[in-house]
Amino acid sequence: QLRYSVPEDREPGSPVGDLAKDLGVEVRSLVARNLRLVSEGGQRHFQVNLAAGVLLLDSRLDREALCGQNPTCSLHLQLVMENPLQLHRVEVDVLDVNDNAPQFPKPEVVLEITEVANPGTRLPLEVAEDPDMSSNSISTYELSPSKHFALSINVRGDGVKMPEIVLEKALDREKVAVHHLTLTALDGGNPVKSGTAKVTIHVLDANDNPPVCDPPISKVHLEENVPVGTLVTKLNVTDLDEGPNGDVEYSFKISNNSPGKFTKLFSLDPRTGEIRTKALLDYEESSAYEIAVRARDKGSPAMEGHCHLRVELIDINDNSPEIVLTSLSSPVQEDATLGTVIALIGVKDSDSGDNGQVHLQIAKELPFKLVSSFKEHFSLVTNGPLDREKASGYNITVRAVDSGSPQRATQKTFYLRIADVNDNAPNFSSPFDTAHIQENALPGTSVFSVSASDPDEGSNAKLSYSILDNGMQDVPISTYFRIDQDNGTIYTVRALDYEQDKVFQVPVEVKDAGSPALSSTAVVHVFILDENDNAPTIVYPSVPKGSAFHQTIPVLAEPGYLVTKIVAVDADSGHNAWLSYQLQGTAEALPFQVEHRSGEIRVAQVLKESEDPHRLVVEVRDNGTPSLSASVVIVISPEENSVQDFAKSLDLPRSSPKDTNLTLYLIISLVSISLVSCVMFALAAAR
């Protein structure tokens with residue numbers, strides 16, 4: 001809070017104070033911080049020279065017009081600076097100069113006094129007016145020399161000096177009927193200024209006792225807002241005369257110091273002298289009233305006395321506090337540091353004393369607190385962490401309570417919005433997912449859709465998906481799969497081959513559009529499902545395409561004799577790789593048979609001695625859908641001196657159905673164990 005003073009007669013443009021120096025800021029920063037001046041009264045008397053950082057007068061000041069008769073005259077200003085937001089209060093005291101001369105309400109005053117008046121009789125005079133204050137106001141009065149009259153000065157309760165003419169020597173109307181005097185009012189300025197009024201005193205006869213007010217000056221204390229018609233006081237006036245000369249009538253005495261204002265608030269009974277209220281009194285409008293009453297008798301000539309009453313009001317708590325939201329910074333970033341200024345709040349209460357002492361409160365659970373800047377001004381600052389994801393805004397209710405009895409309170413609610421910052425990384429619904437796709441699916445086939453969420457808002461919650469290359473495959477993963485960056489759907493880039501790759505680990509990254517961007521990753525395990533896309537391949541016997549395999553056997557071979565064994569493999573897996581062997585049908589009955597599962601060709605019946613060579617077509621077929629097959633042509637020639645390649649099998653007995661079933665069970669068990677092991681290894685790798 002800054003305080004300056006300036007005489008009221010300074011010319012516009014005169015410097016009042018060095019703001020930049022007193023605020024402790026550099027002059028060149030005032031423009032950037034948008035320094036501006038706000039007058040609390042709504043009138044503009046000052047301006048700021050931003051180039052020099054100086055407060056200047058904008059117009060000539062007239063202290064009397066601004067503050068009237070108040071002993072102090074201060075103009076209140078507010079300086080607002082931004083970046084950061086600051087509010088400074090400036091008080092400028094307007095100093096009085098002696099620019100007004102005393103002046104009487106009337107240039108000529110006519111008084112009457114009876115010739116029988118005793119020495120010491122007082123004749124009240126009109127009080128001169130001087131709008132200046134303190135030492136520049138009226139200091140004393142002087143009266144031109146007179147044999148019969150002298151000047152007496154009394155001081156009223158409010159400090160106003162009241163001149164009275166005092167009779168010092170008995171009058172004789174027959175000698176001098178009219179006395180002409182000059183009354184001079186002098187102020188205490190330098191140089192001294194003065195004003196004069198002509199006083200004409202007519203000396204009358206008869207009624208020689210004026211009404212007397214007891215006491216002549218009195219004081220009454222009265223609460224504001226008392227009901228209309230409340231008795232303020234009853235004047236005690238006595239007149240020693242009898243009859244009409246002692247019959248007193250009362251009337252208000254109007255002066256330019258209080259030009260009839262109190263007559264709108266008080267009534268006077270002309271017969272009884274009772275003063276009552278006739279309107280509601282407001283302490284905030286005026287704390288005291290000076291009432292002058294004239295008491296005049298009905299003598300001839302009439303005589304009058306004067307009573308002065310000072311009514312001082314007692315303030316009651318009849319005004320609620322007023323909350324003024326000077327400035328509000330909304331929205332505020334959720335990562336705002338402790339102590340960040342959110343709002344500047346002013347409060348005022350028109351009452352006085354404890355009734356005007358105001359305290360501000362906000363709810364304790366809010367992450368804010370009120371800090372007193374200076375008198376009647378507060379700053380609302382952060383007092384805890386803000387999290388937009390928990391609360392996107394706050395309805396802040398500021399409650400102002402005064403210290404009166406009973407207390408009066410008011411409240412003001414405003415909404416503060418919390419701005420989002422990118423403080424939350426996106427999260428996948430699951431860090432690991434599993435997907436399956438048939439091999440040979442067309443490029444562009446949808447495999448799986450990942451989903452992520454981000455509690456932030458706006459661009460901080462706008463997500464984009466991408467596939468990371470983890471280097472686990474020989475070929476970059478992006479050559480197999482792609483992902484829609486907007487919705488997270490994974491598509492194939494090319495046809496997949498189960499026989500080449502049975503499972504893929506596809507690392508997916510989701511990233512928001514904040515600054516800096518935040519991200520997280522998840523892994524999708526894509527399992528390739530086998531299709532029957534490979535026909536069986538005959539490994540043994542290996543013969544060129546279109547050729548036949550020739551095999552000789554002894555002519556005396558008995559049934560069950562092992563001729564040869566067809567060995568075939570299938571690149572597929574599971575039931576697609578289960579192979580079966582059979583002879584393609586011919587018109588003639590052949591003395592040979594093929595084992596359905598093992599592919600062994602054995603003699604089925606006794607051969608004839610002159611048996612011709614037999615041509616067999618052996619077909620190998622898998623168990624897929626649709627089934628695929630391969631075939632080989634074997635020519636078996638019975639010869640007497642033939643030697644069996646499978647010597648150890650010459651005496652093998654015929655395979656029984658029991659042995660065939662056992663082989664099938666072993667194959668099924670082996671495949672099952674292999675599948676379970678693959679699944680367990682995949683789960684272990686994923687975890």
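This briefing describes the domains, a nonpolar core, some backbone features and a pocket of one structure. The model is predicted, so local features need pLDDT of at least 70 and side-chain atom pairs count only at pLDDT 80 or more, while totals for chains, interfaces and linings use all residues. Residues are numbered from 1 along each chain as its sequence is written, and side-chain values use heavy atoms, with hydrogens and water left out.

**Domains**
- The domain assignment, whose bounds come from an automatic or database source, gives domain 1 (2-95), domain 2 (108-204), domain 3 (212-314), domain 4 (322-419), domain 5 (427-529) and domain 6 (537-639).
- The centres of domain 3 and domain 5, taken over C-alpha atoms, are 97 Å apart.

**Nonpolar core**
- The largest nonpolar core (buried Ala, Val, Leu, Ile, Met, Phe, Trp, Tyr and Cys residues joined through side-chain atoms within 4.5 Å) has 25 residues.
- Buried means under 20% relative accessible area, exposed over 50%, and partly exposed in between, with a 1.4 Å probe and protein chains only.
- At least two residues of this core come from each of β33 (432-438), β36 (463-467), β37 (481-483), β39 (503-512) and β40 (519-529); strands (E, at least two residues) and helices (H or I, at least four) are DSSP runs numbered from the N terminus.
- Val506 is among the residues with the most contacts inside the core.
- Beyond its neighbours within four places in sequence, Val506 has contacts (heavy atoms within 4.5 Å) with residues including Ile467, Phe481 and Val526.

**Backbone features**
- Most residues other than glycine have a negative phi, and most peptide bonds are trans.
- A cis peptide bond with omega about 0° joins Asn83 and Pro84, and Pro84 is in the loop between β6 (74-81) and β7 (86-95).
- Another cis bond, with omega about 5°, links Asn190 to Pro191.
- Glu376 has a positive phi near 65° and is partly exposed at 32% relative accessibility.
- Asn440 has a positive phi of about 70° and lies in the loop between β33 and β34 (446-449).

**Second largest pocket**
- A pocket is an open set of points on a 1 Å grid over the protein atoms alone, where a 1.4 Å probe fits, with protein on both sides within 12 Å along at least five of seven lines; lining residues have an atom within 4 Å of a point.
- The volume of the second largest pocket, the space filled by probe spheres set on the points, which are joined across faces, edges and corners, is about 860 Å³.
- This pocket is lined by 31 residues, and α4 gives the most, with eleven.
- Domain 5 and domain 6 both give residues to the lining, so the pocket lies between them.
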